[in-house]
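Trainee: I have a model open and want to test the labels on it. Can we go through them one by one?

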Amino acid sequence: MSAPTSKLVLKDLEQFSAIIFDFDGVIAESVEIKTEAFRDMYSSYGKEISDSVVDHHLINGGMSRFEKFPLYHNRFLGEKLSKEEIQILADQFSDIIINRVISCPLVNGALSLLDFLHAKKLLFISTGTPEDEIKEIVQKRKLKQYFKEVFGSPSSKETHINHILKEYKLKKEETLYIGDAQTDLDAANTSQIDFILRRHKLNADLSNNFKGKIIDDLSL
């Protein structure tokens, strides 16, 4: 049984000097956009394969597409992709999603929370989205001013966290990660920092098994 969902309150954040946010499903309601993009890209191989791709994606929402495409082609199609082929698929995927992510709704309370916190704490984004792409999205969504740095793939979330801790001379106990995927939780656990899970309809399995703090959105 999962921990009860509760509203985010200032007390949850008081002890932290730095807060790291995943983007899709935490700042923006963009998880479903990427889910449908993966489904679209594998639909020509049949429903069974596209469903298997989507199932894996939903469990591993924070995993980079540069890891997912070779994994899916190898596991479900028995094909090994070259670096050039992975890049072509990643570019196709980017073309499908970028405008949709820029225009999709933000998570309820996200803008108000960022506006409230950015002058008080160090805020960061750590996502599996390619770094140049997430920086473009953040810029076009007029969110850049809220974050000290924005990190994406190909570097891992553990790498992002370690950089933040070292560069800003932060203690682990004063650093928080807010995410919505197993990869977010794994990165936080590996780095030994605190974690809050944002629950939504696409991460029910994770939410049902997580024992820590669970929130439905970012409203205070």
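Mentor: Start with one bridge: Ile125 stands opposite Val150 in strand 3. Strand 2 (residues 122-130) and strand 3 pair in the parallel sense over four bridges. Keep in mind that this is a predicted model, where local features need pLDDT of at least 70, side-chain atom pairs count only at pLDDT 80 or more, and totals for chains, interfaces and linings use all residues. Residues are numbered from 1 along each chain as its sequence is written, and side-chain values use heavy atoms, with hydrogens and water left out.

Trainee: What makes strand 2 and strand 3 a pair?

Mentor: Two strands pair if DSSP finds at least two bridges between them. Strand 2 and strand 3 have four bridges. Strands and helices themselves are DSSP runs, numbered from the N terminus: E, at least two residues, for strands; H or I, at least four, for helices.

Trainee: Which strands are called edge strands?

Mentor: Six strands form an open sheet in the order 3-2-1-4-5-6, with parallel pairing. Strand 3 (149-153) and strand 6 (214-215) each pair on one side only, and these are the edge strands.

Trainee: How many bridges join strand 1 and strand 4?

Mentor: Four, in the parallel sense, between strand 1 (residues 18-21) and strand 4 (residues 175-179). One partner to look up is Ile178 in strand 4, opposite Phe21.

Trainee: What makes a right-handed β-α-β unit here?

Mentor: Strand 2, helix 7 (residues 131-140) and strand 3 make it. The test is the path from the first strand over the helix to the second: with the strands pointing away from the viewer, a right-handed crossover runs clockwise.

Trainee: Why is Phe21 called buried?

Mentor: Buried means under 20% relative accessible area, exposed over 50%, partly exposed in between (1.4 Å probe, protein chains only). Phe21 has 0%, so Phe21 is buried. Phe147 has 8%, so Phe147 is buried too. In strand 3, four of five residues are buried.

Trainee: What makes Phe21 and Phe147 an edge-to-face pair?

Mentor: Rings of Phe, Tyr and Trp (its six-membered ring) pair if their centres lie within 6.5 Å; planes under 30 degrees apart count as stacked, over 60 as edge-to-face and the rest as tilted. The structure holds twelve aromatic pairs. For Phe21 and Phe147 the values are 6.4 Å centre to centre and 80° between the planes, hence edge-to-face. The pair links distant parts of the chain, 126 residues apart: Phe21 is in strand 1, Phe147 in the loop between helix 7 and strand 3.

Trainee: Which label fits Phe38 and Phe69?

Mentor: Tilted, at 5.5 Å centre to centre and 45° between the planes. Phe38 lies in helix 2 (residues 31-42) and Phe69 in helix 4 (residues 65-77), so the pair ties together parts 31 residues apart in sequence. Phe38 is buried at 2%, and Phe69 at 0%. Both belong to one aromatic cluster with Tyr42, Tyr45, Tyr72, Phe76 and Phe93.

Trainee: How do you know that the charged end of Lys120 sits over the ring of Phe116?

Mentor: NZ of Lys or CZ of Arg must be within 6 Å of the ring centre and within 35 degrees of the ring normal. The charged end of Lys120 is 4.1 Å from the centre of the Phe116 ring and is listed as sitting over the ring.

Trainee: What makes a nonpolar core, and which residues touch the most other members of the largest one?

Mentor: A core is a set of buried Ala, Val, Leu, Ile, Met, Phe, Trp, Tyr and Cys residues joined through side-chain atoms within 4.5 Å. The largest has 46 residues, and Phe21, Phe23, Phe147 and Leu218 touch the most other members. Helix 5 (residues 83-103) gives the most to this core, with seven residues. Apart from it lies another core, of 18 residues, including Phe124 and Leu185.

Trainee: Why is Lys169 called exposed?

Mentor: Its relative accessible area is 73%, so Lys169 is exposed. Lys169 is in the loop between helix 8 and strand 4, with a positive phi near 55°.

Trainee: Is Gln192 buried or exposed?

Mentor: Exposed, because its value is 55%. Gln192 follows helix 9, and its phi is positive, about 60°, although it is not a glycine.

Trainee: Where is the cis peptide bond?

Mentor: Between Ser153 and Pro154, with omega about 20°. Pro154 is in the loop between strand 3 and helix 8.
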